[in-house]
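Open the model in your viewer and keep the selection tool at hand. The tour goes from one residue to a surface patch, then out to the whole chain.

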Amino acid sequence: MSECSHTGEAVARAARERSEQERETGARGSLKPLMSPRLSASPLGDHTRLAVLVALLVLLGVFAGAGWLVIILSLVAMLFLHELGHYLMARWTGMKVSEFFIGFGPRLWSFRRGETEYGVKAIWVGAYVRIVGMNNRDEVEPGDEPRSFRQQSYPRKMLVLTAGSAMHFVIVLVLLFAVLLGDGTILSGRSDADETQNWVLATVSTDSAASAAGLQPGDELISVAGVGRTTFTDFSHLVRKLAGSEVEVVYLRDGVVHTASTRVGERLTAAGAAGIVGLIEGDRILAVEGLESGGAPTYVQVAAYGRDRIGEPLDITIVDTRTGRPAVVEGAIITDLISPSAAVRGFFGVSADYRADGLGVVKAAGESVRLSALIVRDVVFAIPTIVTDGFGGTLDGLQDDDQAAGGAPMARELELRRLDRSHPDENRILSIYGVARIGAEAVSDGATEVLLLLVYVNAFIGVFNLLPLLPLDGGHVVVATYERIRSFGGRTHRVDAARLLPLTYAVVALLLLVGGVALVRDILDPVSFG
């Protein structure tokens, strides 16, 4: 049966059902909501779209990595729980919820249970719960008017409006509790890198000395270049002095001692990068066009090769310090060569994993409450700075990009200038993509890092959503409070929603503008906090 004929039959069937229901209800003058013909028109199409969505998520995990899939699903779950807070509180207070959707835009899949339609829409930048009669302009069936939002008492309205942010604060509490149960490191007041010798490898960088030696996360280093185990800070200082040197590495894995030889890698210093236009501090050179080195060349080899090619454009393959991934810088130009000791520092390619015993249930619960309050407080006081410096910093970043487009030979030279003037990524607003990108990288550092990232994301959204601006929940709180104040002496005052639309549209436009600018910048200039 074709889609068109299937829809036609559904419409005719719905019309017959409506006619029969009108005859049955007669003088009551109210009808129970009928399922829209659109909802039952093409269940096969709904399932197909849902299958396509699942397939796209699987492809994301395959091609972008499991980290991206994990963080995106975590963010979607966060949106779902926010709206679940509104939904549960609305149902508990007796209000009618007609829709509960993840996403906006075209409907991909939905189903109806009772009086509510649940489903998924195409654009996953939010979610919503539709409660009947949210304002004076909403049309509500006469029989549903007593269950509309506008007919409820002020305390019930407050419970529903603040339930979304409250859910975020509950998530913060639960995530901190989970972290503290497994690892008490975040409560430590000391510098583990300076004071702890009990560490194992947390991560091993690709194309590094550690990966060449066969090291893996969880291994315990016994010695490097004959120097025994020490603090991670001392180990880092040792490695920096061994740039380009062949060293012996002794490590412990599953109770078995292993020995391997490897050459300590080289990472450009600010001075070394300044002599090669297109490279930036922290880059690691993997190959230079025309230079045969039998592996990643040392700075000594690059300098010997480059002395006769100063000013000549070369394609240089590097490991980008911002992304940790190999990349080709086309048209890089050697302008100055300095001594290797000043141009590079050693890079081994590992990070330390400090372990602290998890707290007991009682102590973890108490500490999670304390830390949750501190984090929410910090976010509250940070909001003004984010609104002022964050908006300005985000826009300034794009202005710098525009100015550099004509004069700078390549985008990475702009990044070098940013580093030279200590451009802080902390003073910029992140888009959803930017948050997801950081989260995807955090996945490789372990579950604790991901959970702590989600803690701060939830704390920020919970506070931001309570700002007194429509269409945020805080704006609805202000409207409901104003109506309550004006309703006295037995009269009921309701704000005309139409008069608030210009302000609402202005806020939405501003949020979309800032979000769009942040997205563009997160793509062109990925955030870096380390």
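Contact here means heavy atoms within 4.5 Å. Keep that cut-off in mind for the first stop. Note too that this is a predicted model.

**Stop 1: Arg284.** Select residues 284-288. This is strand β10, and Arg284 is found in it. Is Arg284 buried or exposed? Its relative accessible area is 6%, under the 20% limit, so Arg284 counts as buried.

Now show what surrounds Arg284. Leave out residues up to four places away in sequence. Which residues does Arg284 touch? Select Ser205, Thr206, Asp207 and Ser208. Add Glu266 and Arg267. Then add Thr317, Ile318 and Val319, and finish the list with Phe347.

**Stop 2: a nonpolar patch.** Switch to a surface view. Select Val52, Val54, Leu56, Val58, Leu59, Val62 and Phe63. Together they make a nonpolar surface patch of about 700 Å².

Pick Leu59 from that patch. Leu59 lies in helix α3, which covers residues 43-63. With a relative accessible area of 43%, between the 20% and 50% limits, Leu59 is classed as partly exposed.

**Stop 3: the whole protein.** Clear the selection and colour by secondary structure. The protein has 17 helices and 14 strands. Colour by burial next: of its 530 residues, 42% are buried. The exposed area comes to about 27,500 Å², with 60% of it supplied by carbon and sulfur atoms.

Finish with a contact map. Take the contacts with a separation of 6 or more: 66% of them join residues 24 or more positions apart.

Note on methods
Residues numbered from 1 in each chain as written. Predicted model: local features only at pLDDT ≥ 70, side-chain atom pairs only at ≥ 80, totals over all residues. Heavy atoms only, no water. Helix = DSSP H or I, 4+ residues; strand = E, 2+ residues; numbered from the N terminus. Buried < 20%, exposed > 50% of the residue type's maximum accessible area, 1.4 Å probe, protein only. Patch = residues over 30% accessible without salt bridge, like charges linked within 9 Å, V, L, I, M, F, W, Y side chains within 5 Å. Areas by Shrake-Rupley, 256 points an atom, 1.4 Å probe, with all protein chains shown as cover. Salt bridge = Lys/Arg side-chain N within 4 Å of Asp/Glu carboxyl O.
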